[in-house]
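Here are my notes for your read-through of this entry. Please keep the coordinates open as you go.

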Amino acid sequence: MAHSHDGTELPTLSIVDHPLVRHKITLLRDRATPTKQFKELVDEIAMLMAYEATRDLALEPASVDTPLETTTGWAVRGKKLTLVPILRAGLGMVEGILRLMPSARVGHIGLYRDHDTLEPVDYYFKVPGDVGERDFLLLDPMLATGGSAAAAVTSLKRAGATRIRFLCLVAAPEGVARLAREHPDVMVLTAALDRELNEHGYILPGLGDAGDRLFGTR
Ligand SMILES: O=P(O)(O)OC[C@H]1O[C@H](OP(=O)(O)OP(=O)(O)O)[C@H](O)[C@@H]1O
Ligand SMILES: O=c1cc[nH]c(=O)[nH]1
Ligand SMILES: [Mg+2]
């Protein structure tokens, strides 16, 4: 059971604190890290996190012919795992995870956070069919107020999704609490649980605006 800084229980939270992840997250936070390296780090951390997020995937026996004989191995069971990045910043997490599981499907959810109200505004939704039979990994580097993640989960559920995990790199306690309140069935995996949000809804200490740092906008 995880706790936020004020002691609230966060039962659906898992912090991926592998030493390599902690090292890379620190480089990602550094304001001096240039766009090219920022992109590479997001890609690498996402891949390491996906390894943890899929630890309990169901398997089924699979026959395999080695050069010497036939034996029984294992294959991941069921429909292809489905990655759903929240545009834009979530896009940075897709390629690294696809290297680990090249046959995963990819859906997209377009959302941006209104600068004044901090409320999510949605502009795109496309996911593969057979939604109810799929395991979804919803991807966004930042979980701040939780408004965007909660809205994306609501959209996925409206389309029929039942098994959703949310992967982020940096989370604020406020966002974790909101997601746990609105979608207690959705497990959240993060590489870092930060202290708080500032008055503009930015995570402290955080890493700044993930979308801008990934794509060189501002
Ligand atoms: O938890 P929240 O308070 O909703 O904030 C988090 C959202 O804000 C950022 O996206 P942004 O709105 O900057 O869009 P972008 O990815 O297009 O830059 C981030 O990538 C999340 O989607
Ligand atoms: O700190 C934050 C909060 C929301 N979105 C970001 O990219 N960074
Ligand atoms: Mg942004």
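The points below cover the pockets, one helix and the annotated positions.

1. Status. This is a predicted model. Every value in this note is computed, apart from the annotation, which comes from a UniProt record.

2. Largest pocket, extent. Its volume is about 700 Å³. The lining counts 33 residues. Nearest the centre lie Tyr112, Arg113, Ser148, Tyr202 and Asp209.

3. Largest pocket, elements. Which elements give two or more residues to the lining of the largest pocket? They are the strands β6 (82-87), β8 (108-113) and β11 (142-143), plus the helices α4 (147-158) and α6 (210-215).

4. Largest pocket, chemistry. The lining splits into 15 nonpolar, 10 polar and eight charged residues.

5. Annotated positions. UniProt, in an unreviewed entry, puts the feature "binding site" at Ile203, Gly208, Asp209 and Ala210. From this set, Ile203, Gly208, Asp209 and Ala210 belong to the lining of the largest pocket. Please keep the unreviewed status of the entry in view when citing the feature.

6. Gly208. This residue sits in the loop between β15 (203-204) and α6. Is Gly208 buried, partly exposed or exposed? Its relative accessibility is 36%, so it counts as partly exposed; the class runs from the buried limit of 20% to the exposed limit of 50%. Leaving out residues up to four places away in sequence, Gly208 touches Met142 and Tyr202. Tyr202 is also among the residues nearest the centre of the largest pocket.

7. Asp209. The loop between β15 and α6 holds Asp209 as well. With a relative accessible area of 24%, Asp209 is partly exposed, because buried would require a value under 20%. Asp209 combines a place nearest the pocket centre with the "binding site" feature in the record.

8. Helix α4. Does the length of α4 agree or disagree with its residue count? The 12 residues should span 16 Å at 1.5 Å a residue, and the end C-alpha atoms are 16 Å apart, so the two agree. Buried residues of α4 are Gly147, Ser148, Ala149, Ala150, Ala152, Val153, Ser155 and Leu156. Of these, Ser148 is one of the residues nearest the centre of the largest pocket. Just after α4, Gly160 adopts a positive phi of about 115 degrees.

9. Second largest pocket. This one holds about 210 Å³ of space. Its lining includes Arg77, Gly78, Lys79 and Lys80, along with Met101, Pro102, Ser103, Ala104 and Asp135. By class, the lining has six nonpolar, two polar and four charged residues.

Terms used:
Residues are numbered from 1 along each chain as its sequence is written. Chains are lettered from A and ligands numbered from 1 in the order in which they are written. This is a predicted model: local features need pLDDT of at least 70, side-chain atom pairs count only at pLDDT 80 or more; totals for chains, interfaces and linings use all residues. Side-chain values use heavy atoms; hydrogens and water are left out. On a 1 Å grid over the protein atoms alone, a cavity is a set of points where a 1.4 Å probe fits but cannot get out, and a pocket is an open set with protein on both sides within 12 Å along at least five of seven lines; lining residues have an atom within 4 Å of a point. Grid points are joined across faces, edges and corners, and a volume is the space filled by probe spheres set on the points. Helices (H or I, at least four residues) and strands (E, at least two) are DSSP runs, numbered from the N terminus. Ala, Val, Leu, Ile, Met, Phe, Trp, Tyr, Cys and Pro count as nonpolar, Asp, Glu, Lys and Arg as charged, and the others, Gly among them, as polar. The expected span of a helix is 1.5 Å times one less than its number of residues. Buried means under 20% relative accessible area, exposed over 50%, partly exposed in between (1.4 Å probe, protein chains only). UniProt positions are given in the numbering used here, feature names are shortened, and annotations may be inferred rather than shown by experiment. Contact means heavy atoms within 4.5 Å.
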